[in-house]
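Dear colleague,

Please find below the structure I am handing over to you. My notes on what was found in it follow directly after.

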Amino acid sequence: MTYTENIFVCIAAPLLVAAFCLGRKHLRFFLFTFAGMGACLLSAYVNTFFAALYEAPVFNATAEIAPMVEEVMKFLPLLFYLLVFDPKPDRIRPAVLVVASGFATFENICYLAQHGAEHLTFLLIRGFGTGAMHIVCGAIVGSGMLYVWQRGWLKAAGTCGLLGTAIIYHGIYNLLIAYGGQAQYIAYALPVLTILLGTAAKQLLSTLPRQTNQ
């Protein structure tokens, strides 16, 4: 039996000590990390509740319920941050990515606790694949929020659209994983390819103004 709460406490304890030692300057990073891990912990309970409520088989729960629950749970700390603290735009995207990385890290640790750590190659592939997937979903929401949150008329609709896009991407990833076989490895490669293509596109777009000025 996996005691997820105990795992959370063991991971959070040294981070709390480090946050205390580093002071307020770095406190935001640790708080968002805790928020991501806490969202992962709560997602496990919410996923189980809805799977039992709808009597969903494992495949349906993985491909349909989990993406929506997990993306909404990851978004709630960001929503609280936006509504209460009204941060500057340049602080929104890092907050989302740290929450996503905290979520992915705790999810990977729980996976290791449940399935063991015998197959290093597979765990590396899964670790980077799942971790990159959560980062991609975070980047979708975080990058979009930089635009929509500065426009009052677009806040609600834009936020729902970004969250829906992240849920769909997450759902595609989980669907391929649940299908198994070669599709599983396609899923692991998909987030990494998305990050590479997104980085290349960002660099390309950053050079366009220079070429126009010349």
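**Pockets, cavity and helix crossings**

The lining of the largest pocket is made up of 20 nonpolar, 12 polar and 3 charged residues. Please bear in mind throughout that this is a predicted model.

That pocket encloses about 990 Å³ of space. Its lining comprises 35 residues, and those nearest the centre are Asn-47, Glu-70, Glu-107, Gln-114 and Arg-126. Six helices each contribute at least two residues to the lining of the largest pocket: α2 (27-53), α3 (58-85), α4 (89-115), α5 (120-148), α6 (155-179) and α7 (182-213).

The second largest pocket holds about 370 Å³. It is lined by 13 residues, with Arg-28, Leu-31, Phe-32, Tyr-81 and Phe-85 lying nearest its centre. Two or more of the lining residues come from each of α2 and α3. The largest share, 5 residues, is supplied by α2. As for chemical class, the lining of the second largest pocket contains 9 nonpolar and 4 charged residues, with no polar ones.

Turning to enclosed space, the structure has 1 cavity of 30 Å³ or more. The volume of the largest cavity is about 110 Å³. Its lining is formed by Glu-71, Lys-74, Phe-75, Leu-78, Val-96, Val-99, Ala-100, His-134, Cys-137, Gly-138, Val-141 and Leu-163. At least two lining residues of the largest cavity come from each of α3, α4 and α5. By class, this lining divides into 8 nonpolar, 2 polar and 2 charged residues.

Two helix pairs were also examined. How do the axes of α2 and α4 lie, and at what angle do they cross? The two axes come within 7 Å of each other, and the crossing angle is roughly 50°. An angle between 35 and 65 degrees falls outside the parallel and perpendicular ranges, so α2 and α4 are oblique to each other. The crossing in which α2 passes α4 is right-handed.

For the second pair, the axes of α5 and α6 come within 9 Å and cross at roughly 165°. Angles over 145 degrees count as roughly antiparallel, and α5 and α6 are therefore roughly antiparallel to each other. Here too the handedness is defined: α5 passes α6 in a right-handed crossing.

Finally, a word on confidence. The protein chain has a mean pLDDT of 87, and 96% of its residues reach 70 or more. Within the chain, confidence is highest in α2, at a mean of 92, and lowest in α7, at 80. Both of these helices supply at least two residues to the lining of the largest pocket, and α2 also gives the largest share of the lining of the second largest pocket.

With kind regards

Note on methods
Residues are numbered from 1 along each chain as its sequence is written. This is a predicted model: local features need pLDDT of at least 70, side-chain atom pairs count only at pLDDT 80 or more; totals for chains, interfaces and linings use all residues. Side-chain values use heavy atoms; hydrogens and water are left out. On a 1 Å grid over the protein atoms alone, a cavity is a set of points where a 1.4 Å probe fits but cannot get out, and a pocket is an open set with protein on both sides within 12 Å along at least five of seven lines; lining residues have an atom within 4 Å of a point. Grid points are joined across faces, edges and corners, and a volume is the space filled by probe spheres set on the points. Helices (H or I, at least four residues) and strands (E, at least two) are DSSP runs, numbered from the N terminus. Ala, Val, Leu, Ile, Met, Phe, Trp, Tyr, Cys and Pro count as nonpolar, Asp, Glu, Lys and Arg as charged, and the others, Gly among them, as polar. pLDDT is the predictor's confidence in each residue, from 0 to 100. Axes are lines fitted to C-alpha atoms, for helices over the stretch in contact, and angles run from 0 to 180 degrees between N-to-C directions. Angles under 35 degrees count as roughly parallel, over 145 as roughly antiparallel, 65 to 115 as roughly perpendicular and the rest as oblique. A crossing is left-handed if the near helix is turned anticlockwise from the far one by less than a right angle, and right-handed if clockwise.
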